[in-house]
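Student: Hi! Could you walk me through this structure?
Tutor: Sure, let's look at it together.
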Amino acid sequence: MAGTGEERKPAELLAAARGGQRRAVARLLTLVERGGGAAEAIAAATHPLTGAAHIVGITGAPGTGKSTLTGALTTLLAAEGRRPAVVAVDPSSPLTGGAILGDRVRMEAATGAGVFIRSMATRGHAGGLALAVPGVVRVLDACGFDPVLVETVGVGQIEVDVAAAADTAVVVVTPGWGDAIQANKAGLLEVADLFVVNKADRPGASDARRDLDLMLDLSEVSGAAAGTGADAESRPAIIETTATEGEGVQDLLRAVDAHHRALKAGPGLQARRDRRFVAEVRARLEHVLIQAADDVLVDVDSRSGATPVEAARHLADRFLDTDTPR
Amino acid sequence: MDGPEEGATPIRVVLAKLGLDGHDRGLKVVARILRDAGMEVVYLGLRQTTATIVDAVEQEDADVVGISMHNAGHLTLAPLIVAALVAAGLGNVPVVIGGVVPDEDVGELEAAGVGAVIGPGTSATEVVASVRRVVDGRHG
Ligand SMILES: Nc1nc2c(ncn2[C@@H]2O[C@H](COP(=O)(O)OP(=O)(O)O)[C@@H](O)[C@H]2O)c(=O)[nH]1
Ligand SMILES: [Mg+2]
């Protein structure tokens with residue numbers, strides 16, 4: 001919230017944040033989330049300081065255990081002397097704009113181990129998440145956190161995209177038929193670099209693994225047929241975990257690290273960063289264009305005799321031909 | 001400073017229950033009330049300690065923290081929380097206490113730096129108003 005007496009300038013905050021002051025990190029994240037001038041200044045200041053952090057996306061259906069897993073994983077990372085941070089995204093209520101962000105409940109051990117955790121609501125505005133998350137990750141990267149884990153609910157396209165924009169995208173499913181199939185439908189299969197079958201303490205974990213294997217076989221066949229083999233990386237590993245017991249979490253950590261090493265050894269890491277850069281530019285551009293569209297829409301006259309298609313074409317010509325509005 | 005250009009930031013509340021006792025039904029009700037009033041509620045749930053609450057307030061850049069306590073320890077625990085926040089440089093984050101607090105203790109809690117006390121019978125509207133009031137009244 002604005003209005004406190006001790007409001008500090010972004011540059012000052014960034015210096016404090018990089019010096020280890022968590023309150024300053026948190027404040028920067030608030031400003032980035034809010035958007036506008038301060039957010040742009042922070043993006044400009046942090047961009048040159050990024051690139052060290054391994055960015056890990058964790059996604060999957062609600063209740064699959066993403067937060068529990070993220071908590072266990074980062075607790076382990078902290079115990080190894082690394083400096084993990086978590087961004088846990090949950091949906092805002094479309095009606096009130098409010099949100100209940102409950103992921104920290106499952107990350108208590110991580111909090112105790114000194115992991116920096118930030119809960120984030122999707123907030124109403126269209127594509128807001130695609131704008132805010134890259135900026136938030138950039139701040140954490142610039143402040144020396146590594147890895148940065150981003151948890152999103154893998155139901156909406158934007159949420160899936162956000163996780164997919166990571167260096168390593170982890171898709172979490174649980175035993176039982178539905179989940180793997182759901183994951184396929186939601187497009188999660190294509191974005192996964194690693195699969196976790198969590199809740200392996202429940203019956204059906206090996207069936208879930210088999211389903212995933214089958215689906216991967218199928219997608220490899222169709223991928224080869226479609227000629228998308230060019231940037232094909234190795235087939236995603238499937239790890240079974242019981243996050244509540246910490247079972248398999250060490251294996252997952254090794255797999256995450258191995259994926260990062262493989263990316264670094266080849267062109268993969270740079271390719272992903274390039275892709276992420278373009279995706280963010282695209283999200284920003286869409287944002288600017290939508291705002292511009294909203295501005296010109298006030299001129300639309302429904303009784304002018306033009307069809308909607310003609311009216312749209314006319315307006316589009318107007319702002320694509322003239323100097324780019326700024 | 002620059003005004004928010006992209007729509008105002010919702011009030012961010014950290015909500016926790018301190019101590020070992022009880023259930024979190026009441027806390028969940030409050031969480032929903034605040035969400036429905038357009039706030040972002042960072043829910044910590046049961047069995048929190050002063051340290052976990054301060055960590056959350058810090059990392060989440062909360063505007064206010066709501067703490068439920070039901071084991072009559074409020075006269076000692078509430079000032080501890082306030083002191084811990086001050087020690088962490090978060091003294092400008094108001095503390096709202098929920099729970100069974102006898103009327104005669106309210107003054108003492110407020111003197112100890114607690115922003116508001118919300119008793120069992122408080123209506124949803126009053127809960128929201130209390131939180132808004134302490135956030136508006138916060139000082140640097
Ligand atoms: N049986 C079992 N339950 C788990 C496991 N991992 C998480 N859970 C439980 O599943 C529920 C949802 O977990 P949560 O981490 O919040 O899932 P998220 O919505 O994907 O973030 C909680 O009640 C967890 O305790 C597991 O490995 N086994
Ligand atoms: Mg979660």
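Student: Which residues form a nonpolar patch on the surface?
Tutor: A:Phe277, A:Val278 and A:Val281 do, with about 290 Å² of accessible area together. Patches are made of residues with over 30% relative accessible area and no salt bridge; like charges are joined within 9 Å, and nonpolar side chains (Val, Leu, Ile, Met, Phe, Trp, Tyr) within 5 Å. Accessible areas come from the Shrake-Rupley method with a 1.4 Å probe, and for residues only the protein chains shown count as cover.

Student: And is this model predicted, and how are things numbered?
Tutor: This is a predicted model, where local features need pLDDT of at least 70 and side-chain atom pairs count only at pLDDT 80 or more, while totals for chains, interfaces and linings use all residues. Residues are numbered from 1 along each chain as its sequence is written, chains are lettered from A and ligands numbered from 1 in the order in which they are written, and side-chain values use heavy atoms, with hydrogens and water left out.

Student: Back to the patch: where is A:Val278, and is A:Val278 buried or exposed?
Tutor: A:Val278 sits in helix H12 (residues 268-297) of chain A. Helices (H or I, at least four residues) and strands (E, at least two) are DSSP runs, numbered from the N terminus. A:Val278 counts as exposed because its relative accessible area is 53%; the cut-offs are under 20% for buried, over 50% for exposed and partly exposed in between (1.4 Å probe, protein chains only).

Student: How many helices and strands does chain A have?
Tutor: Chain A has 13 helices and eight strands. Of its 326 residues, 47% are buried.

Student: Cool. What about the magnesium ion (ligand 2), which residues are its protein donors?
Tutor: They are A:Ser67 (OG), A:Asp103 (OD) and A:Glu151 (OE), lying 2.2 Å from the ion. A:Ser67 is in helix H4 (residues 66-79) of chain A, and A:Asp103 is in the loop between strand S3 (99-101) and helix H5 (108-112) of chain A, so this pair, 36 residues apart, links distant parts of the chain. Donors are N, O and S atoms within 2.8 Å of the metal (3.2 Å for Na, K and Ca), and water is not among the atoms, so sites may look incomplete.

Student: Are A:Ser67 and A:Asp103 buried or exposed?
Tutor: Both A:Ser67 and A:Asp103 are buried.

Student: New topic: how many salt bridges are there over all chains?
Tutor: The count comes to 24. A salt bridge is a side-chain nitrogen of Lys or Arg within 4 Å of a carboxyl oxygen of Asp or Glu.

Student: Which residue does A:Glu33 form a salt bridge with?
Tutor: With A:Arg118, the closest N and O atoms being 3.6 Å apart. The pair links distant parts of the chain: A:Glu33 is in helix H2 (residues 22-34) of chain A and A:Arg118 in strand S4 (residues 116-121) of chain A, 85 residues apart. A:Glu33 and A:Arg118 are both buried. They also belong to a network of salt bridges that includes B:Arg12, B:Glu40 and B:Glu60.

Student: What about A:Arg254 and A:Asp257, where do they lie?
Tutor: Both are in helix H11 (residues 249-265) of chain A, three residues apart, about one turn of the helix. Their side chains meet in a salt bridge (3.7 Å, N to O). A:Arg254 is partly exposed because its relative accessible area is 39%, whereas A:Asp257, at 12%, counts as buried.

Student: Which residues does a cis peptide bond join?
Tutor: A:Asp146 and A:Pro147, with omega about 0°. A:Pro147 is in the loop between helix H6 (128-142) and strand S5 (148-153) of chain A.

Student: And what is the phi of B:Arg47?
Tutor: B:Arg47 has a positive phi of about 55°, although it is not a glycine. B:Arg47 lies in strand S2 (residues 40-48) of chain B and, at 51% relative accessibility, counts as exposed.

Student: Last one: what pLDDT does chain B average?
Tutor: Chain B averages 89, and 94% of the residues score at least 70. pLDDT is the predictor's confidence in each residue, from 0 to 100.
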